[in-house]
Amino acid sequence: MFTIIDEPVILRYVLDDNKKQAEEAASVIASGRAYTYPEIIARVAVTLRDVYHVPRTMIGETLTMLLDDICVNEEDIIRLACRYFGSTPLDFTDCMLIARNVLRGYRVLSFDKSVLKRMLPL
(Lines give C-alpha, C1' and ligand atoms only; values in the text may rest on other atoms or scores of the structure.)
Protein backbone atom coordinates (compact mmCIF):
# COMPACT_ATOMS: atom_id res chain seq x y z
CA MET A 1 0.00 0.00 0.00
CA PHE A 2 1.26 3.46 -0.92
CA THR A 3 1.48 6.45 1.38
CA ILE A 4 0.47 9.63 -0.39
CA ILE A 5 2.80 12.51 0.41
CA ASP A 6 1.96 16.15 -0.06
CA GLU A 7 3.88 19.37 -0.62
CA PRO A 8 4.91 20.01 3.02
CA VAL A 9 6.25 16.46 3.36
CA ILE A 10 8.38 16.84 0.23
CA LEU A 11 9.55 20.29 1.30
CA ARG A 12 10.61 19.04 4.75
CA TYR A 13 12.46 16.15 3.10
CA VAL A 14 14.22 18.33 0.52
CA LEU A 15 14.98 21.29 2.78
CA ASP A 16 15.68 19.32 5.97
CA ASP A 17 14.61 22.41 7.92
CA ASN A 18 12.59 20.59 10.56
CA LYS A 19 14.55 17.57 11.78
CA LYS A 20 11.61 15.59 13.18
CA GLN A 21 9.42 16.08 10.11
CA ALA A 22 12.36 15.56 7.74
CA GLU A 23 13.14 12.24 9.42
CA GLU A 24 9.51 11.11 9.19
CA ALA A 25 9.38 12.13 5.51
CA ALA A 26 12.68 10.35 4.85
CA SER A 27 11.36 7.19 6.51
CA VAL A 28 8.27 7.09 4.30
CA ILE A 29 10.26 7.89 1.17
CA ALA A 30 12.93 5.28 2.01
CA SER A 31 10.20 2.64 2.33
CA GLY A 32 9.71 2.78 -1.44
CA ARG A 33 5.98 3.24 -0.93
CA ALA A 34 5.74 7.05 -1.18
CA TYR A 35 3.39 8.34 -3.85
CA THR A 36 2.50 11.84 -4.97
CA TYR A 37 0.71 13.60 -7.81
CA PRO A 38 2.09 15.75 -10.64
CA GLU A 39 0.34 18.83 -9.28
CA ILE A 40 2.14 18.36 -5.96
CA ILE A 41 5.51 18.31 -7.75
CA ALA A 42 4.47 21.51 -9.54
CA ARG A 43 3.59 23.18 -6.23
CA VAL A 44 6.90 22.11 -4.71
CA ALA A 45 8.80 23.60 -7.66
CA VAL A 46 6.97 26.91 -7.36
CA THR A 47 7.34 27.05 -3.57
CA LEU A 48 11.05 26.33 -3.75
CA ARG A 49 11.45 29.08 -6.36
CA ASP A 50 9.16 31.74 -4.91
CA VAL A 51 9.36 31.21 -1.14
CA TYR A 52 12.80 29.68 -0.60
CA HIS A 53 14.51 31.37 -3.58
CA VAL A 54 16.20 28.15 -4.68
CA PRO A 55 17.79 28.49 -8.14
CA ARG A 56 15.75 26.88 -10.90
CA THR A 57 18.61 24.63 -11.98
CA MET A 58 18.86 23.23 -8.46
CA ILE A 59 15.09 22.74 -8.28
CA GLY A 60 15.09 20.80 -11.55
CA GLU A 61 17.97 18.58 -10.43
CA THR A 62 16.54 18.01 -6.94
CA LEU A 63 13.08 17.08 -8.16
CA THR A 64 14.51 14.78 -10.82
CA MET A 65 16.52 12.95 -8.14
CA LEU A 66 13.46 12.82 -5.89
CA LEU A 67 11.59 10.94 -8.62
CA ASP A 68 14.06 8.08 -8.15
CA ASP A 69 12.58 7.55 -4.68
CA ILE A 70 8.87 8.30 -5.02
CA CYS A 71 6.09 7.19 -7.35
CA VAL A 72 4.14 9.67 -9.44
CA ASN A 73 1.74 9.43 -12.37
CA GLU A 74 3.31 10.23 -15.73
CA GLU A 75 6.82 10.01 -14.30
CA ASP A 76 8.45 10.45 -17.70
CA ILE A 77 6.53 13.67 -18.27
CA ILE A 78 7.35 14.99 -14.81
CA ARG A 79 11.04 14.18 -15.29
CA LEU A 80 11.14 16.09 -18.57
CA ALA A 81 9.16 18.96 -17.06
CA CYS A 82 11.75 19.14 -14.24
CA ARG A 83 14.52 19.41 -16.83
CA TYR A 84 12.66 22.14 -18.70
CA PHE A 85 11.91 24.00 -15.45
CA GLY A 86 15.58 23.95 -14.55
CA SER A 87 16.66 25.33 -17.90
CA THR A 88 13.92 27.76 -18.96
CA PRO A 89 12.03 30.69 -17.42
CA LEU A 90 8.70 28.87 -17.87
CA ASP A 91 6.28 27.97 -15.08
CA PHE A 92 6.20 24.32 -14.11
CA THR A 93 2.72 23.80 -15.56
CA ASP A 94 3.91 25.13 -18.92
CA CYS A 95 6.85 22.74 -18.71
CA MET A 96 4.38 19.89 -18.16
CA LEU A 97 2.38 20.96 -21.25
CA ILE A 98 5.52 20.98 -23.36
CA ALA A 99 6.66 17.62 -21.97
CA ARG A 100 3.28 16.08 -22.85
CA ASN A 101 3.58 17.52 -26.34
CA VAL A 102 7.09 16.15 -26.79
CA LEU A 103 6.59 12.71 -25.22
CA ARG A 104 2.96 11.93 -26.05
CA GLY A 105 2.47 13.98 -29.19
CA TYR A 106 -0.49 15.81 -27.68
CA ARG A 107 -1.52 18.90 -29.56
CA VAL A 108 -1.53 21.92 -27.26
CA LEU A 109 -3.33 25.16 -27.99
CA SER A 110 -1.65 28.11 -26.33
CA PHE A 111 -1.42 31.83 -26.97
CA ASP A 112 1.80 32.05 -24.94
CA LYS A 113 4.62 32.58 -27.43
CA SER A 114 7.30 31.30 -25.03
CA VAL A 115 5.38 28.02 -24.75
CA LEU A 116 4.64 27.76 -28.46
CA LYS A 117 8.26 28.11 -29.51
CA ARG A 118 9.13 24.97 -27.51
CA MET A 119 6.30 22.82 -28.90
CA LEU A 120 6.88 20.22 -31.55
CA PRO A 121 4.84 20.93 -34.68
CA LEU A 122 2.06 18.36 -34.99
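This report walks through the overall build of a protein model and then looks at two helices and a few residues.

The model is predicted: local features need pLDDT of at least 70 and side-chain atom pairs count only at pLDDT 80 or more, while totals for chains, interfaces and linings use all residues. Residues are numbered from 1 along each chain as its sequence is written, and side-chain values use heavy atoms, with hydrogens and water left out.

**The whole protein**

Let us start with the overall picture. Seven helices and three strands make up the secondary structure; helices (H or I, at least four residues) and strands (E, at least two) are DSSP runs, numbered from the N terminus. Following the sequence, you meet them in the pattern β-α-α-β-α-α-β-α-α-α. The radius of gyration is 15 Å, close to the 14 Å that the globule rule gives for 122 residues, so the protein is as compact as a globular protein of that length. Here the radius is taken over C-alpha atoms, and the rule is 2.2 Å times the number of residues to the power 0.38. Along the principal axes, the C-alpha atoms fill a box of roughly 45 × 35 × 15 Å.

Of the 122 residues, 41% count as buried. Buried means under 20% relative accessible area, exposed means over 50%, and partly exposed lies in between (1.4 Å probe, protein chains only). Contacts, meaning heavy atoms within 4.5 Å, also say something about the fold: among those between residues at least 6 apart in sequence, 56% join residues at least 24 apart.

**Helix 1 and helix 3**

Helix 1 covers residues 7-15, and its buried residues are Glu 7, Ile 10, Leu 11 and Arg 12. These buried residues pack against helix 2 (19-30), strand 2 (34-36), helix 3 (38-50) and helix 4 (56-66). Just after helix 1 comes Asp 16, with a positive phi near 50°.

Helix 3 has 13 residues, which at 1.5 Å a residue should span 18 Å, and its end C-alpha atoms are indeed 18 Å apart. The expected span is 1.5 Å times one less than the number of residues. Among the buried residues of helix 3 are Pro 38, Ile 40, Val 44 and Leu 48. Their cover includes helix 1, strand 2, helix 4, strand 3 (71-72), helix 5 (75-87) and helix 6 (92-104).

**Two residues to find**

Glu 7 is found in helix 1, and Glu 7 is buried, with a relative accessible area of 10%. Leaving aside neighbours within four places in sequence, Glu 7 is in contact with Ile 40, Arg 43, Val 44 and Thr 47.

Gly 32 lies in the loop between helix 2 and strand 2. Gly 32 is partly exposed, with a relative accessible area of 40%.

Each of these residues also appears in a C-alpha pair:

| Pair | Apart in sequence | C-alpha to C-alpha |
|---|---|---|
| Gly 32 and Cys 71 | 39 residues | 8.2 Å |
| Glu 7 and Thr 62 | 55 residues | 14 Å |
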